[in-house]
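Trainee: Could you take me slowly through one part of this protein, the place where its domains meet, and set that part within the whole chain?

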Amino acid sequence: MTTTERGSDEQPLAGTDKNELENIEIELLLCGIYRLYGYDFRNYSLPSLRRRIWHRVHGENLSSISALQEKVLHDRACFERLIYSLSVPVTEMFRDPDMFLTFRQKAVPLLRNYPYIRIWHAGCSTGEEVYSMAILLKEEGLYDKARIYATDINNRSLQQAKEGVYEISKMQQYSQNHMEAGGKRAFSEYYTAKYNSVIFQPALRKNITFAEHNLATDTSFNEFNVIFCRNVMIYFNDELREHVHSLFFESLSRFGLLVLGAKESIHFTRYSDSYEPLDRVEKIYRKIK
């Protein structure tokens, strides 16, 4: 049998594991995306990537990851849809209220000593966490001396964040979260309802800068007093997680605060000795070296 004849057979080569073939397809897809578009997903957690890639395969009415690769490399709109699938926003206003309450009680007193406060929300998704911080700072009298930088890899999510428009059906839960987070005013004072949506006050956006930033490939762009990166690194492998911790360490001022998600930690990184816990439970750390 010639090589051409063997290659025309639809069956994989004998002894080739199906999972191995799938891993090769994913590797080629991610390499193609990086080389053509500059987005680097090669060090994201494989199980999470696999689920989201197959979600996009089915969404494009395709039958294989290889078919998705071909379409992504020739169709920018398909690539944009895949990017959205790979960074599905999962967030809400004052998500994990206990964390915001702890931040209000333990971090805000420290921030009062700064003449100017720079905060980075890395992986800000559709902006709910950013507006939550803006509200908290307003209630604590710190907003006017603060500048919030909100970044994400997903342009579609960033656009929604810039507009500050959300579903009105979520406001009851958000109001409850706000109250549990130590809110000092009625949550409804911060937005205007219109039909089935609400738009948050333009004054909340005054000191917020939204921008695209890729944690896998982009460098530090400022020095910050606080960095929020919650429930983002759970999708990264160990190598990328270490890279991002290095980026945050370089970006934080001395005694700056790093706020991580419930399932994230600085332990087992080379920077673990450079922080002390401001609150172990809520994963708020202070840089001391």
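Mentor: What follows starts with the whole chain, goes on to the meeting of the domains, and ends with two single residues.

This is a predicted model, in which local features need pLDDT of at least 70 and side-chain atom pairs count only at pLDDT 80 or more, while totals for chains, interfaces and linings use all residues. Residues are numbered from 1 along each chain as its sequence is written, and side-chain values use heavy atoms, with hydrogens and water left out.

The C-alpha trace of the chain spans about 80 × 50 × 30 Å along its principal axes, and the chain holds 11 helices and 10 strands (DSSP runs numbered from the N terminus, with H or I and at least four residues for a helix, E and at least two for a strand). Of the 289 residues, 47% are buried, where buried means under 20% relative accessible area, exposed means over 50%, and partly exposed lies in between, with a 1.4 Å probe and protein chains only.

Now to the part you asked about. The chain is divided into domain 1 (20-87) and domain 2 (97-287), with bounds that come from an automatic or database domain assignment, and the C-alpha centres of the two domains lie 29 Å apart. At their interface, 13 residues of domain 1 are in contact with 15 residues of domain 2, contact meaning heavy atoms within 4.5 Å. The size of an interface is often given as the accessible area lost when the parts come together. Here the buried area (the accessible area, with a 1.4 Å probe, that two parts lose on being put together, summed over both) is about 1200 Å², and carbon and sulfur atoms give 51% of it. Asn43, Tyr44 and Tyr84 supply 44% of the area that domain 1 buries against domain 2, more than any other three residues. Across this interface the rule finds zero salt bridges, a salt bridge being a side-chain nitrogen of Lys or Arg within 4 Å of a carboxyl oxygen of Asp or Glu.

Two single residues complete the picture. Ile24 is placed in helix 2 (residues 18-37), and Ile24 counts as partly exposed because its relative accessibility is 38%. His245, by contrast, is placed in helix 11 (residues 238-251) and counts as buried, because its relative accessibility is 2%. Apart from neighbours within four places in sequence, His245 is in contact with Met233, Leu258, Leu260, Ser265, Ile266, Thr269 and Tyr271.
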